Structures are given as structure tokens and as C-alpha cells.
Amino acid sequence: MGQLLEARRGLYRDSVALMRATQAVRAVPGVEAALVAMATPLNLDMLAGMGFAAPDGAGPNDLLVAIRAVDDAALARARETLEAQLADPGRGGGLDTAPAPRTTGSAARHADATVAVVAVPGRYAFAEAVDALEAGLHALVFSDNVPLAQEVRLKREAVERGLLVMGPDCGTAVIGGVGLGFANAVRPGPVGLVAASGTGAQQVMCLLDAAGVGVTHCLGVGGRDLSAPVGGLATRQALALLDEDPATELIVLISKPPAPGVAEEIVEYAAKLTTPVEFAFLGPDADDLSAVAARVVARVTGQPPGPWPRWAPDSPPVPRGGALRALYCGGTLCQEAIAIAARALGPVASNLDPTHPLGDDLRAAGHLAIDFGDDRFTQGRPHPVIDPAPRLERLAAELADPATGVVLLDVVLGHGAHPDPAADVAEVIRGATLPVVVALVGTEADPQGLARQARTLCGAGAYVFASNASADLLTRPVRAVVAGARLFADTLAAQAVPVVPVDWRPPLAGTEEHLVRVLADPRRERANAEAVRRVLAAQAQLVDVRPARAALGVEPGTFLHAGPPITWERASGPMRGALIGAMLFEGLADTPEDAERQLASGAIALEPCHHRGAVGPMAGVVSPSMWMFELADPVHGGRAYCSLNEGLGKVLRYGAYGPEVIERLRWMTAVLGPLLRDAVRRHGPVDVRAIIAQMLQMGDEGHNRNRAGTSLFLRELLADLVGGGAPGDQVAEAVRFVNGNDHFFLNLAMPACKLALDAARDIPGSTMVVAMARNGTDFGIQVSGTGDRWFTGPAEVPAGLYLGAYGPQDANPDIGDSAITETAGIGGFAMAAAPAIVRFVGGEVPDALATSLRMYEITLAEHTAYQIPVFGFRGTPTGIDVTRVARTGILPQINTGIAGRVAGTGQVGAGLVNPPVECFTAALAALADAAPSLG
């Protein structure tokens, strides 16, 4: 028989990594028993149970190795495996392992795109198109079989946002020479097309090309756009875009037979444009497409075309040069212009950008942007919104500069502004030989009059937009997000167009109709923005430590517990064990059997911690005498509570209730709680959110690893613990207890997360998850827009690593309120921040990175305070969105401890778990029921 026992002094590995090592060593053929763990009291007891004596002087900072094998050869193999497990993790696949985006919204979030191509089956297209619009992208919806009501809803939304929806069933578009969908390579020229007929547009473009007449853009609108229900919504948008395009001299409108009333309205609308429109309403009595093309050629060239050839030449577009000059009164508008221009053009020098500053003379050889409202220009003189003279002088100089290619301006209306700013600008720009683009900021109700100002500017040759960024479809180089058919991504790439393909897949079965209802809810976007704002703004300060009776009003005969509501009859083993232990601790029962009888009789009221503003790890049982951390959010006025952490192993929260458990609880009640209370009151509020932010920079993730957080908390309070006048032995014992319990801070992180999420509750229309909790039987979630309702499904057994001889057969289904950490964007969502436990997800660093990256696919925001260093300090994925879970099928990833299924066992391991999908499909259905009808 071969045997190894050693203590590696000062060598630390995270408990999860060590459990993995234990598991790997145990799997070696010929190994009878193995333990690789830190030398904590719990692990030393386990070591004794295996028949090993503890090494002399071994302590919690020493690593224990104990292996028993059938012979020396097996022991040698075990040692080799052990060393491989304890070696520093390698770089694996590197850090560039981000998964492909799963939705258009995800792709658009970090892509410098101008347009999204949606080519998924029609019943799923609505969600992708909504994503595009909410990301500020124009959308080409190639998909057909999109319900008419969804088309109308999309196009109305696009009009409100100043965007264009091309389609559904839009097969052809050309933007600045780039073909989207089924498009031809045609020469550039003066003709712009609006097409409610894809192949008709293709033929006309090809005939024009053959006659030497080129195209600026072809904007498809879908074959139903001129029907009575749609009413030409996209056609108006497309006509307006082409009318504002300086390169388009003639517009051709091609349509399948339109509704007569709609056709009349469109003709009347077109008559008001400055660019002439040639109509090609197809039908039995109308000209054919060849005749239409001939008319267009004649209008452009002054003579009819010759015989039409049977092939088309290939003629690439010619770019136009010159520098951009942006001259702004508003600093924010100037910054926005810089950001937009820089993505397309490269660096833009500015007095607002210290990385690309202008000199004292405010000159630059390349692109530049000047904020004339900067403090430098307003010392001793009025703001340029009132007195535009300095900017007008510079505008005249830029127009005269042959290096200038285009000028961007803002004109700001409103009370207190110049009474007629457009007149002064028009006087300078009239007769300019280069494009002048104006962002006109105001309303019709302003004293200056929005329409009157726009007419003045347009009359002087300016291109006027109500948005500082809305003109980018036709003025910026095409950059696309493509969801669906890979063909379109490939054809764009072949044209040297930057493209981000979406790894699109159908949503969860049975959710299609609910998704449409929820995504069409006009409240949703603003509701989610408000929910995110509240979560990110929330603070968390530890302000007191009090017994549950005083803090929560928990009276004798009432126990709180983790997860959604549960009865004794349905309670799991660890939940029952914790309730039995609470009965013994409170003196309500003399024996476990007596406690069980009372609990079964219904004499004790059970209530979820969440219903009292609290959270509890694992079983989460709270009785009146237990001491609670009390955290406050001074921003929103919220309070949240959590019990004190007992440590790992045989503890109440894992369902253990032996004498040592009850004795520890009584010591915590008599000594630890009062000491912490006095220290916190002496110290003043402790900024728990700041500690969480710091610990994520120090290797913690906030759920299964809290070592740095615990140390930071103890450092914060140590002086007040020592200086409070309590007996020294009590203080020393308390400090040793906290310092030896790496999970102590978890019970502060949890209520901090609850404070943030509670601030986002009860916002009608919001799809953000505000709680995930488990009671060992059920997994439940709550959603901001559905109040206090729980959506539940069966809790699953975590997949993980086990202590000692325990295995999956000993594990209880998932339990605890600690998933509030993932709900708030830490824990499993921040796994990439915790290098000590990255092998928890499969063995290598890239796996952990991919886990965190995957969570960005189902969240609404990135946290501004909680950051992941390895991602370049990117904010953690925050705000689980029910719709994104349903659309991607990606379930939240939770790090968790594993409780023994038999009451009294305690902890048996740790692992990873996901919520059941039923929680999210039920929540989505409830949100759909509460949403307004699509019409």
C-alpha cells in the first residue's frame, strides 16, 4: 500500500480548485482515498475520518495532501495528477474567445454599424428588427411572412426614431454603392430609387447602368408598404432621406400596384420635396419597367437611351475627398459628432478631446470639431446660441478653404436663443460649393419656429436633420450587422463591407407570440432604461447589526427561509434540517423529533426572506434571535438584511443542526452580533458597494469566492472592534472567526445586491429580473414589471465537485437566495474576475471568460462600478432580461454550494447550476398578458 500525507506550508489554492484536484486524484486507478484541501478545522476533521493524523502545526493557510493507494505505482500516478492539478493554470486558448453575438442587439451593442440585415424566418424577424431600431440602426428586413401588424408596428417605431425599416420582404437595397440583399453592382450616379418591388428595382438599376446613368442609393421598403394598412410609412421616410441626399438629383419610386388612396397621398407628399420624383406604380395600365427606365435616362441625359444591351458593365464608385469641419454651439452635440465621425473617418481634432487636441489657433490639417460654447469662448461674452458671430466668422473661413470637404453645424432654437439663427447661417452658406449639414434642435412651438428655420436653411443649400446622427444611413460608409442567412454576410464581405454576423438561433419553443407582444410594448425600452438606471445608481452601506426580531419584526413562531414560498410538506432535506436547527436554537423544541413534529403540525409560520426585505444563503432560515446585517441605500431609501455567515461545512444554512451548530449560533448571538453592532455604530456606515468593486479587482467574484472582500471588511472594522472596550478574548475570538471564514463577506454582498435590485422593482413594462432564489425544491424568479409574483420551476442539482467521499447521489437540488449576486451581475456572471476558480467551468481560463462573456448576451447593461480586469475593466453583465433569455436560450450561470440531501448532513460540495427554463417562459407569458395589444 502506498500513502502520502503532507502539509504544503503557505501554499493556497481556492477550495473549488482543490475539490477539483481531489476529484481528479480520486479518479486515478488504484487510489482508495484522497483529500487535497486547505488545513481548516473542517478539513482536518475530514482528514481524521479518513484515518490520517493531522500534520503538526498545519493551519488554514497550509495545503493538505492525503492520498492512500493500493501500491506505490498508483501513488506515483496520483502524485503526477495532483501536480498537474495544482500547477498554475495556463493561458488556454487565450483571451480572444468571445462567443459570437446571439442577437442583433448584442451585435450592435459593440459594433460600429449603420444598418442591420434581418434574414431570419418571418415569425422571428420582429425581435431582431426591434433590436436594430433600439440600437439606432436602420434595418433591412429580408424576411418574408412577417405578420402585417408587426410590420406596421416596426415602421411606426422607425418613424418616431428617425430611422428606416426596409421591408419586410425587402430583397434589394443599395446604399452608397454597397448592395444589401439581392443587389447588383451598379455605377454611381444621380438617381435614387425607392422600391416596393425588389426585382423591379434591380431591373431599373441595371437598365440605367447600361445607359450610363448611375444610382446614388436604392432603398427598398417592402412590397406591402403602399398598401392601405401600412400607408406608405417607409416610403415617406425613404423619399425624405433621398431628398436630403446632396448627390441624388432625381428620385424614382417603384411599387407594385399601390392602394389608390395611399398612392395619392404619396404623390402629394413628393410634390413638396425639393428633389423631383418619377413614379413607377406598376399595374395593368402602367408603363413597363423599360419605359420607366427610358424616361429616367431621358430626364438625366436629355436624350432617350439606345437599344438596351443584354448585359451590364461593372463600374465601381469613386470616393470624394476633403476634411470634415464641425462647428458647434452645443458641447454634447459636438462630442456626439466627433464620436460618429471618428468611427467612420478616424481621429478628429477638437478642443473637447485631450487625446487629439487643437492648437491655440484652433487649426488642424485634417478633420476637426470645435465647441464654440466651451468656457474659453464664453468668458466675457454671450454664449454662441445667443451671439453666433465667432462661429459665423469661422464658418466663412472653412467654406473658403479648398481642403474642406463637408461642414457640420448645429442650430439651436428655444427661449433665450438667437431670434433667427437660421437667417445668419443661411447668409454665410448660400452659394457654397460643398455640403453643409445642419442638426436643427428645436420644436414647432419654439419662438423661432422649427419648420420656418428648416425652410430657411434648406433654401440656402443646407441639409437639415432634427437629429445630430440621423443622416448616417446615406452619409456614412455601410457597416452591417447580419442576422440569419449567412449568404448576405458573405456578399457584404465580398464588397469589403465590415460585417458582424449574428449566431442567430430560434427562441425557446412556444415563446414566439409572447416575445412579439413584449417587445412591442411601448413601455419596455424606457422601463428597462429606468430599471438599469436605478440598479446602477443604488448604493449599499452597512448601517447596523440587529436581531431579526428588532430588524424585521420576526416574532416567535415565525421563521424566514430562502427562495419562493414553501411548506414543510414540500421542504427539502437541508431546508428541514435548518428549520429543525432553528427550533432547537430558539428553545422551541428540546429534540429534533419534537421540532419536526411541531413543524409538521403547522404551528410555525414559514415566510420567504425576500418578503421581508431580506436574503438568506442556502436554506436561509432566519429566526427571531438571529443577528442580521442591515444595509441601506441612501439614493432610493431602501433597506435590506442578511444573517451573519457561519462558515462552511456543518452549519445551519446547509441543513446541519448538531450540537456544534447550535453552540456556534448561540456564540454568534451572545458575542459576535453585539461586537459587530457596536463596531458598526462606532465606525459609521461601511460602503459595501465599494468593497465589492474592489474585491472584483482582487480575484473574488462575489459568490463562491469572497476572500478579498472578507479581508477588506475586517480591515475596515478592525480598529472599532478592538477599540470598543469589549473583553480582549471575545474580540480575538471574533476576529479569528471572521478571518478564518472566507465566505463571511457573502452575507454582505447579498443584501447589497438586493438593495440595487429592489430599487428596480415595480416598473410597468420592465423585463428585468429582480430576484432569483431557490428553496431546495423550487427555483423562482421575480421580474420588475410583474410585481411580487414568483415564476417557478423545479430546482436542479448542481454539477460540481464534492467533498471527501460525497458524490452526486448525496446532493440536494439547488438552494439559497445567494443567486441574488448573479442577478445583480456578480458571482457566476463575473467568473472571469476570479482566476482562482476559473477551472470551475471546465478546466481552462478561456472557459471562464466565455462564461462571463456569454452572460452579456442576456443582460441589459454593463455595471459602472463592478468591473472585470481581464476584459479591460469592462463592466460586469448586469440586468437579466427575460426576453433575451427566451430569444437566446442562454440561462443565467450560478456558482453555488451543494447541500446534502439528507437533513443534518451539511455541505457536500460546490458547483454550477442554471435556473429551469420554465421560470423564464412563465415570466414572459405574464409580461405578454400585461402588455398593450400590438395594434
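**Group meeting: cysteines, a helix and several sheets**

Let me begin with a cysteine: the sulfur of Cys642 has its closest cysteine sulfur in Cys609, at 7.7 Å, which is too far for a bond. What you have in front of you is a predicted model, in which local features need pLDDT of at least 70 and side-chain atom pairs count only at pLDDT 80 or more, while totals for chains, interfaces and linings use all residues. Residues are numbered from 1 along each chain as its sequence is written, and side-chain values use heavy atoms, with hydrogens and water left out.

To stay with the cysteines for a moment, a disulfide here is a pair of cysteine sulfur atoms within 2.5 Å, and by this rule the count comes to zero. For Cys919 the closest cysteine sulfur is again in Cys609, but at 18 Å, too far for a bond. Are Cys642 and Cys919 buried or exposed? Cys642 is buried, with a relative accessible area of 0%, and Cys919 is buried at 0% relative accessibility, where buried means under 20% relative accessible area, exposed over 50%, and partly exposed in between, using a 1.4 Å probe and protein chains only.

Now the chain as a whole. Of its 935 residues, 57% are buried, and the C-alpha trace spans about 105 × 65 × 55 Å along its principal axes. The chain has 31 helices and 36 strands, taken as DSSP runs numbered from the N terminus (helices H or I with at least four residues, strands E with at least two). If we take contacts, meaning heavy atoms within 4.5 Å, with a separation of 6 or more, then 73% of them are between residues 24 or more positions apart.

Let me turn to helix 19, residues 524-537. Its 14 residues reach 20 Å from first C-alpha to last, close to the 20 Å expected at 1.5 Å a residue, the expected span being 1.5 Å times one less than the number of residues. Which residues of helix 19 are buried? They are Arg524, Ala527, Asn528, Ala531, Val532, Val535 and Leu536. These residues are on the same side of helix 19 because they cover an arc of only 165 degrees around the axis, the arc being that of the directions from the helix axis to the C-beta atoms. As background, an α-helix has 3.6 residues a turn, so residues three or four places apart point the same way. The elements covering the buried residues of helix 19 include helix 5, helix 18, helix 24 and helix 27, together with strand 33 and strand 34.

Just beyond, in the loop between helix 19 and strand 21, we find Ala540, which is buried at 1% relative accessibility. Leaving out residues up to four places away in sequence, Ala540 touches a set of residues that includes Leu631, Val686, Arg689 and Leu755.

Strands 33 and 34 deserve their own word. They run antiparallel and are joined by five bridges, two strands being paired if DSSP finds at least two bridges between them. In this pairing, Glu862 has Pro877 of strand 34 as its bridge partner. The two strands form a hairpin with five residues between them, and Gly872 in the turn has a positive phi of about 70 degrees. Strand 34 is largely enclosed by the rest of the structure, because six of its seven residues are buried.

A different arrangement is the open sheet of five strands in the order 6-5-4-19-20, with parallel pairing. Strand 6 and strand 20 stand at its edges, each with a single partner strand, so one side of each is left without a neighbour in the sheet. Within this sheet, strand 4 and strand 5 are joined by four bridges in the parallel sense, and Val115 is partnered by His138.

Parallel pairing also appears between strand 22 and strand 23, again over four bridges, with Glu607 as the bridge partner of Leu560. From strand 22, Thr558 and Leu560 point one way and Phe559 and His561 the other, yet all are buried.

I will finish with Thr404, in strand 16, which is buried with a relative accessible area of 6%. A polar atom of its side chain lies 2.9 Å from the backbone oxygen of Glu398.

Conventions:
Polar contact = N/O pair within 3.5 Å; in protein donor to acceptor, adjacent residues only side chain to side chain.
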